[in-house]
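Open the structure in your viewer and keep the selection tool at hand. We will go from one stop to the next, with something to select at each.

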Amino acid sequence: MGDAELVIVGAGPAGLCAAWEGRKRGWEPIILERRSVVGGAWAEMPPKMRCLSPRKYDRMPDGSVSSGDGNRATVAEILTMIEAFAAKNQFRICMESSAQAVSVQNGMFEIETTRQLLRTPRLIIATGEYSRPRVPSVPGDFDGPTEHTRTFDPNTVTASERVAVIGAGNSGAEAVLAILARGGQVVLSTRYPLAGPPIDFSETVLAPLAAWYAGLPVRWLPGRGGCQVKTPLVYGELKRGVQAGQIELVGALGELQARGFRTSSGQDVDVDRIVWATGYRRETTWL
Ligand SMILES: Cc1cc2nc3c(=O)[nH]c(=O)nc-3n(C[C@H](O)[C@H](O)[C@H](O)COP(=O)(O)OP(=O)(O)OC[C@H]3O[C@@H](n4cnc5c(N)ncnc54)[C@H](O)[C@@H]3O)c2cc1C
């Protein structure tokens, strides 16, 4: 059994920031990370995807920001910033060490990990909300390939391939635009009317306004800017693509079929491939 002044579970951005704060208070942290990399969700997202938040807000507690072009950083740029922060601070990170259970014994936390038992008076759980891709369970079977946006590589799309993207949030918007750029055809399945921003922020002249909009806490936006989803959709191109007939918009997916799917309103849609842009769920079932 090992003792530590502070144990942090998770080497994503929250865990690393907590380690920094703990050390500032004089507690040397041990970080447990179930995988073999730091960066948490950022290490698994498509590297070229751009953040919703403006670059200047995505910084580490020592003030470091990502470097690169554009107002919104790419996932790869954010990950580089996080990795540099972890390396510079030389935190003790136990890789491939997954916390399995926590109990309290004589006023100390006992953390069972896949490698050891740790005791500490201070424990921070920083295991994230966006850890596991969420794919809804729907009846039926599709004969073609399916994948979640976390692993979807648009470079594998061939010209004129017909791809269904399920979900019209920001991940879905990213996937749709990447497929169109590859010359593929897109069918976009959505439960809600498209939740675009009131103004098309993709225009360069409106970039400062986009930064302001994306930087506002969503709850401050009157009626969430007309959005019916949790986060404002920052891709005006999506609406334009639908209006221009480049994107075929269909209703919610009801059941899978061998050659595609049937929407909940009974429309049959044939496609070559299905990409789930249906979000994420929490990892920590043991808490
Ligand atoms: C598609 C997508 C787009 C996003 N866009 C933005 C954006 O534009 N701007 C923004 O600010 N945020 C964005 N986010 C959110 C951002 O990624 C998360 O808020 C951030 O990564 C949360 O950091 P975290 O450290 O709390 O959790 P995570 O990054 O999820 O890190 C948790 C870590 O804990 C580890 N872990 C989990 N369970 C255990 C265990 N039992 N034992 C040991 N380790 C464990 C995991 O392996 C992981 O490394 C986005 C997220 C997604 C999925």
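This tour visits a sheet, a ligand site, a hairpin and several salt bridges. Keep in mind throughout that the model is predicted.

**Stop 1: an open sheet**

Start by colouring strands S1, S7, S6 and S5. They make up an open sheet of 4 strands in the order S1-S7-S6-S5, and the pairing is mixed. Its edge strands are S1 (2-3) and S5 (99-105), each of which pairs on one side only.

Now select residues 108-113 and 117-120. These are strands S6 and S7, which pair in the antiparallel sense over 4 bridges. To find your bearings within the pair, pick Phe109 and look across to S7, where Thr120 stands opposite.

**Stop 2: a salt bridge within that sheet**

Stay here and show the side chains of Arg119 and Asp3. They form a salt bridge, with the closest N and O atoms 3.3 Å apart. Arg119 belongs to strand S7 and Asp3 to strand S1, so this pair links distant parts of the chain, 116 residues apart.

Are the two partners buried or exposed? Arg119 counts as partly exposed because its relative accessibility is 22%, and Asp3 counts as exposed because its value is 53%.

**Stop 3: the ligand**

Next, select the ligand and bring up its surroundings. The shell around the ligand holds 29 residues, and the closest are Ala14, Glu33, Ala41, Leu52 and Ser53. Colour that shell by residue type and you will see 15 nonpolar, 9 polar and 5 charged residues.

Three contacts to oxygen atoms of the ligand deserve a distance label:

- Ala14: a backbone N or O atom lies 2.8 Å from a ligand oxygen.
- Glu33: a polar side-chain atom lies 2.6 Å from a ligand oxygen.
- Trp42: a polar side-chain atom lies 3.1 Å from a ligand oxygen.

How much of the ligand does the protein cover? On its own, the ligand has 1,000 Å² of accessible area, and the protein covers 85% of that.

**Stop 4: a buried salt bridge**

Now show Glu77 and Arg55, whose side chains meet in a salt bridge at 3.1 Å, N to O. Glu77 sits in helix H2 (residues 75-89), while Arg55 is in the loop between strand S3 (29-32) and H2, so the pair ties together parts that are 22 residues apart in sequence.

Buried means under 20% relative accessible area. Glu77 is therefore buried at 18%, and Arg55 is buried at 10%.

**Stop 5: a hairpin and its loop**

Move on to residues 253-257 and 260-263, which are strands S14 and S15; they run antiparallel and 4 bridges join them. The two strands form a hairpin with 2 residues between them. Pick Gln257 and you will find its bridge partner, Gly260, in S15.

Add Arg259 and Asp270 to the view, since their side chains meet in a salt bridge of 3.6 Å, N to O. Arg259 lies in the loop between S14 and S15 and Asp270 in strand S16 (residues 268-270), so parts 11 residues apart in sequence are tied together. Asp270 is partly exposed, with a relative accessible area of 38%, and Arg259 counts as exposed at 60%.

**Last stop: a network**

Finally, select Glu33, Arg35, Glu44 and Arg150. Salt bridges that share partners join these residues into one network. You have already met Glu33 beside the ligand. If you would like to keep exploring, the whole structure holds 15 salt bridges.

Note on methods
Residues numbered from 1 in each chain as written. Predicted model: local features only at pLDDT ≥ 70, side-chain atom pairs only at ≥ 80, totals over all residues. Heavy atoms only, no water. Pairing = 2+ DSSP bridges. Near = heavy atom within 4 Å. Polar contact = N/O pair within 3.5 Å; in protein donor to acceptor, adjacent residues only side chain to side chain. Areas by Shrake-Rupley, 256 points an atom, 1.4 Å probe, with all protein chains shown as cover. Nonpolar A, V, L, I, M, F, W, Y, C, P; charged D, E, K, R; others polar. Salt bridge = Lys/Arg side-chain N within 4 Å of Asp/Glu carboxyl O. Buried < 20%, exposed > 50% of the residue type's maximum accessible area, 1.4 Å probe, protein only.
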